[in-house]
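Me: I've got a protein model open and I don't know how to read it. Can you take me through it, one kind of feature at a time?

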Amino acid sequence: MSEASSQKVVIVGAGPAGIRAAATLIEAGLHPVVIDEGHRAGGQIYRRPPDGFVRTPGQLYGSEAAKARALHACFDKLVEAGRLTYFARSSVIAVHDRRLHVLEEGCLQVIGYDRLILATGASDRIAPVPGWQNAGVYSLGAAQIALKAQGVALGRRIVLIGSGPLLTLVGAQLLKAGADVTAVLDTSSWRRQMRGFPGLAARPIVALRGLALRARLGGRYHAGVTVECIEADASGVTAMRWRDPGGRQRITPCDTVGMGWHLRAETHLADLVGCAFAYDEQWKQWLPQTDAMGRAGNGVYLAGDGARLIGADGAEIAGRLAAVACLTDLGHAASPVQADLRKLARLKRFACGLACAFPWPAEMVRTMPDDAIVCRCENITAAAVREGADFGGGEANRVKSLSRAGMGRCQGRYCHLAAVELVAAQSGCASRDVGRFRGQAPVRPAPVGAFLPED
């Protein structure tokens, strides 16, 4: 038995990156273990509905339906042939000493590894808005999951706020499904969006599809708005208050708000395994550091949006590259990668264009009122974070300890970036200078019973 075939390689995530990584390892003769939180492989972008769902792939995935079907078929065929071990509906909640602590339907098990490929994807990047803690406020990703997985629109009158391609995509998908989308409010101005054109020109067809989606929204779409607050009563959301580019105040009645400012990389596990991080000025977030192939050191490889926000096509390439890097490090004959690296460079240029065109609203976050909620899990206000910055010396983790921001169920996934902006503004420094919230186990909520010994 060769060294490569005797090594246990575990992949976390079964989206485009994880699926391509698994297929590449299997082609080389390995039997990988794949752990995924979804009930079926596909990830968020190609999320699959339950059996018996009546909407077709074309209705679910639009222009990407062929890619979705190909990935689903590839993975299902490998599972049916017994060429990989697949743990669905399973969350890795901790990593220690080359062992993954995996929560599966309330039961905890430990899975060891020799090599680890993290294809953990991304989640919504949220900028807190006054009133976002009320019932009826969801992330754009949540609205999309409900639509894809259950065919449900989360509300009768829906307003979407934020910026980035997901904003208009979800709006168009909801409209196509028959939902009442009353307004799509983009905080990025037309002029700012044009600044991203040089990068977006790297994928002209994709850019044109984005414009086509926006055209479907018609007069519902407004660019360059100022989001003021989400109004609500005891039953939940009642209206969205905002200002148009001319400064005129507008109030749009609604019972649901979907919000998101592009994406944030899911990096908690990368943090726990000891990956190095650096602040990315373009994406305004801390990202793990890898080489061009995805190597992060110590037998760990990163692929897809969990390392760089490059989209589904880029994730497939990155997954394949990470698997090739893993095989090469195990002494396996290397596959040609130059063509993939060139494609990935083009996709990165496009992603940089998106980051430029649809920026993180740092100024909006830094100037939010004191009584606005920053951390929904712990009900922490902007005033509490600012007070923590005064006592904590402008260091993110001290403020986390003092204020409890980022210590709730989501482990800072939704409030981390906003809290860092507030700390930086209060301390009079750049966001990169205050550091980041360090990841802690468990990275997902887990029942206490899972940690207790069996009788």
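Reply: We'll go through sheets, then helices lying on a sheet, then empty spaces, then one residue. Before that, note that this is a predicted model, so to speak of local features we need pLDDT of at least 70, side-chain atom pairs count only at pLDDT 80 or more, and totals for chains, interfaces and linings use all residues. Residues are numbered from 1 along each chain as its sequence is written, and side-chain values use heavy atoms, with hydrogens and water left out.

Me: Which strands form the open sheet with antiparallel pairing, and in what order?

Reply: General idea to start: helices (H or I, at least four residues) and strands (E, at least two) are DSSP runs, numbered from the N terminus. Two strands pair if DSSP finds at least two bridges between them. Here, three strands make an open antiparallel sheet in the order S4-S5-S6. Strand S4 (90-96) and strand S6 (107-112) are its edge strands, each pairing on one side only. From one strand to the next, the twist averages 30 degrees; axes are lines fitted to C-alpha atoms, for helices over the stretch in contact, and angles run from 0 to 180 degrees between N-to-C directions.

Me: How many bridges join S4 to strand S5?

Reply: Six, with S5 covering residues 99-104. To see the pairing on your screen, look for Val92, which stands opposite Val102 in S5.

Me: Which strands make up the open sheet with parallel pairing?

Reply: That one has five strands, in the order S9-S16-S10-S11-S12. Strand S9 (137-139) and strand S12 (221-223) are at the edges with a single partner strand each, so one side of each has no neighbour in the sheet. The twist averages 20 degrees from one strand to the next. Inside the sheet, five bridges join strand S10 (residues 158-163) to strand S11 (residues 181-186), and Gly162 stands opposite Asp186 in S11.

Me: Which strands do helix H5 and helix H6 lie across?

Reply: The idea here is contact, meaning heavy atoms within 4.5 Å. Helix H5 (residues 140-150) lies across S9, S10 and strand S16 (256-261), at about 85 degrees to S9. Helix H6 (residues 165-176) lies across S10, S11 and S12, and runs at about 160 degrees to S10.

Me: How many cavities of 30 Å³ or more does the structure hold?

Reply: On a 1 Å grid over the protein atoms alone, a cavity is a set of points where a 1.4 Å probe fits but cannot get out, a pocket is an open set with protein on both sides within 12 Å along at least five of seven lines, and lining residues have an atom within 4 Å of a point. Grid points are joined across faces, edges and corners, and a volume is the space filled by probe spheres set on the points. There are four such cavities here, and the largest has a volume of about 240 Å³. Its lining has 19 residues, with Arg264, Thr267, His268, His416 and Phe437 nearest the centre.

Me: Is Gln411 buried or exposed?

Reply: Buried means under 20% relative accessible area, exposed over 50%, partly exposed in between (1.4 Å probe, protein chains only). Gln411 is buried, because its relative accessible area is 18%. You'll find Gln411 in the loop between helix H15 (396-403) and helix H16 (416-427). Not counting residues up to four places away in sequence, Gln411 touches His268, Gly406, Gln440, Pro442 and Val443.
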